[in-house]
Amino acid sequence: AAFNCSLCGTVGKLCRSGTSLPAVATGSSPTAVSTAMPASAPVIRKYQEVSGDIITPGQVRGIDHIRDPRLNKGLAFTLEERQTLGIHGLQPARFKTQEEQLQLCKIAVNRYTEPLNKYLYLSDLYDRNERLFFRFLSENIEDLMPIVYTPTVGLACQRFGLIYRRPHGLFVTFNDRGHVFDVMKNWPEPDVRAICVTDGERILGLGDLGACGMGIPVGKLALYTALAGIKPHQCLPIVVDVGTNNIDLLEDPLYVGLRQKRVVGREYDDFIDEFMEAVVKRYGQNTLIQFEDFGNHNAFRFLDKYRNTYCTFNDDIQGTAAVAVAGLYASKRITGKSFKDYTFLFAGAGEAAIGIADLTVKAMVSEGVPIEEAYNKIYMVDIDGLLTTTRKVGSLEGHKVNYAKNVEPMTDLGEIVASIKPSVLIGASAAAGIFTPKILRTMADNNERPVVFALSNPTSKAECTAEDAYKHTDARVIFSSGSPFPPVQMGDKTYYPGQGNNAYIFPGVGLGVICTGTHHIPDEMFLIAAQELANFVEPADIERGSLYPPLSSIRDVSMNIAIGVTKCAYDKGNYLFPHPVYWWFFMKIAVFLGLASTYPEPQDKRKWLENQLYNFNYESSMPVTWAWPRMPYIKTRELVPTELYGKQSDNI
């Protein structure tokens, strides 16, 4: 049905000057229409009306500049802006710069002692003032990353039903099957380039949190902007809610998701297929889809299923792998060895461990190690013991089979370490404390500089603490962790263990992929990211005990990774030859198809990427004005009334 505005009579849409009324049909009574909807009924306006990063001044009211977090500058509006926008008097007389506001933010967040309260403060700041939030986060990343990301985000997910205020992402439930695209249309942003999606089955090391896992994609995409400069309106966090098998959540009156057991099997797979198709239909084939915290049994299936048909990657598999391999690259500068001299033992055989192992194999192959020899150098332990072809318990499904050895079964990790004598011990098991003092001493006895990575998140799930690692190896360990640990004092030296944080990797990869319009994301891009990160490690970083650069330099790291990914996107591809039927005519013609879809290829890739970054600083709220040249004088003819003839004159 058509609609007329009650004030200006505009037909067919809701006019901003008043309410909408059903259009009056020919011959109908205007009085009857007015009784259906009073002209005095208020217009219900959305909380946030601005989409994208191009603002149309005529579509935004003055008050929107205070209400909308994308436009709000707090007390940083100038007097001219306040008076012109019609918001003068709605704020105190004080004028502040963004720098003064940042100082106040730091004071405010430091008043809280509990990390969850700091998380809530930052969430509230994000809801009020988007640019201030992202600038505050990007300039204080060492202090604030543990709040917006691991480990505090894990606690936020556990308390999600209690702290939920307003949506920061999209919830797509199994009850919406057949209408996923209709749900996707409800997100107001038309220019989404990156999606982070989870089904909440394996949130960090905390297990199945269902819809409460929304904190993970929200936190990840906040780092996309803060660390790589990807525009926030181009990012969309999504939870695919198919239920939860967590009985505590199902019985929790505060739980906000579907109160049912998880959907599995064919129905689940078909639902994820529908979701992927809806994303492409809504936002395009090159939309980046980052899978996050899916269960081990689904993570590899979906990566293998979608990696060559969608622009997608799994951060738990590939992002974790890249940051771990970067640490291994850096460790070679300390040990003086190459990968072919290493023997690797993984405690854990889930998606993180398999991902690291797979990328380690690629790294060895790139150094000239035959692929079979590379696989033979990697041993892996799961909950049932060492992966072997001879064991009677446990399974060897999927990618595990590549690392199974034809040796006698072993179940005790300490005995396995003593038998294999690994030079690198990597923990990705979410089993707290399994790297016992005895195991650490064995590593020290067998290696001059043992390499130990305790990568499980959050801190409470780490395989060992940094202090234990240094203490039981006489401070000879080359240590890295997945969550932050405090400095360790050993004698007269203080060690600052580096955190192998995925945030070093995925923002830069995402920036390069988005800007180039990459079709698919090969593993080579993550190996490039690992090498770029390792190249950023300075001798001073290694001297203080870290295999990674300071978090304060992570934006520069992200840019270097994005440049490497961009080069790969334009260099890697296939030659498209004509059909054999036409070879007689096109014998010497072949078209090179790269992974990128944005052309022409930029020559100065750094400058090209920088021109597409988000601006953390306030911009003027005033419409752009400009002067016109003085119009030349031209004498016009005398205006003569036009005479109309016939009955038409009565109608004009």
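A residue counts as buried under 20% relative accessible area, exposed over 50% and partly exposed in between, using a 1.4 Å probe and protein chains only. By that rule, 52% of the 652 residues of the protein chain are buried. The model on your screen is predicted, so local features need pLDDT of at least 70 and side-chain atom pairs count only at pLDDT 80 or more, while totals for chains, interfaces and linings use all residues. Residues are numbered from 1 along each chain as its sequence is written, and side-chain values use heavy atoms, with hydrogens and water left out.

**The whole chain**

Start with a cartoon view. The protein chain has 25 helices and 18 strands; these are DSSP runs numbered from the N terminus, helices being H or I of at least four residues and strands E of at least two. Contact here means heavy atoms within 4.5 Å. Among contacts between residues at least 6 apart in sequence, 68% join residues at least 24 apart.

**First sheet**

Now select β3, β5, β4, β6 and β7, which in that order form an open sheet of five strands with parallel pairing. Two strands pair if DSSP finds at least two bridges between them. At the edges are β3 (170-173) and β7 (312-314), each pairing on one side only. From one strand to the next, the twist averages 25°; axes are lines fitted to C-alpha atoms, for helices over the stretch in contact, and angles run from 0 to 180 degrees between N-to-C directions.

Next add helix α13 (residues 265-283), which packs on the sheet and touches β3, β4 (194-198), β5 (235-241) and β6. Its direction makes about 155° with that of β5. Zoom in on β6 (residues 288-291): three bridges join this strand to β7, and the two run parallel. Which residue of β7 is the bridge partner of Gln 290? Look for Phe 313. Helix α14 (residues 296-306) lies across β6 and β7, at about 160° to β7.

**A loop stop**

Select Asn 186, in the loop between α10 (180-185) and β4. Is Asn 186 buried or exposed? With 60% relative accessibility, Asn 186 counts as exposed. Leu 170 is 16 residues away along the chain, and the C-alpha atoms of the two are separated by 8.8 Å.

**Second sheet**

Move on to the open sheet of seven strands, ordered β10-β9-β8-β11-β12-β13-β16, where the pairing is mixed. Strands β10 (385-386) and β16 (498-499) each have a single partner strand, so one side of each is left without a neighbour in the sheet. Helix α18 (residues 413-420) packs on this sheet, touching β8, β9 and β10, and its direction makes about 175° with that of β8. Strands β8 (residues 344-347) and β9 (residues 378-382) run parallel and are joined by four bridges. Show Phe 344, and you will find Ile 378 of β9 opposite.

**A buried glutamine**

Finally, pick Gln 101 in helix α4 (residues 98-110). Its relative accessible area is 8%, so Gln 101 is buried. What is Gln 101 in contact with, leaving aside neighbours within four places in sequence? Show Lys 73, Gly 74, Leu 75, Ala 76, Lys 96, Leu 132 and Tyr 618 as sticks: these are its contacts.
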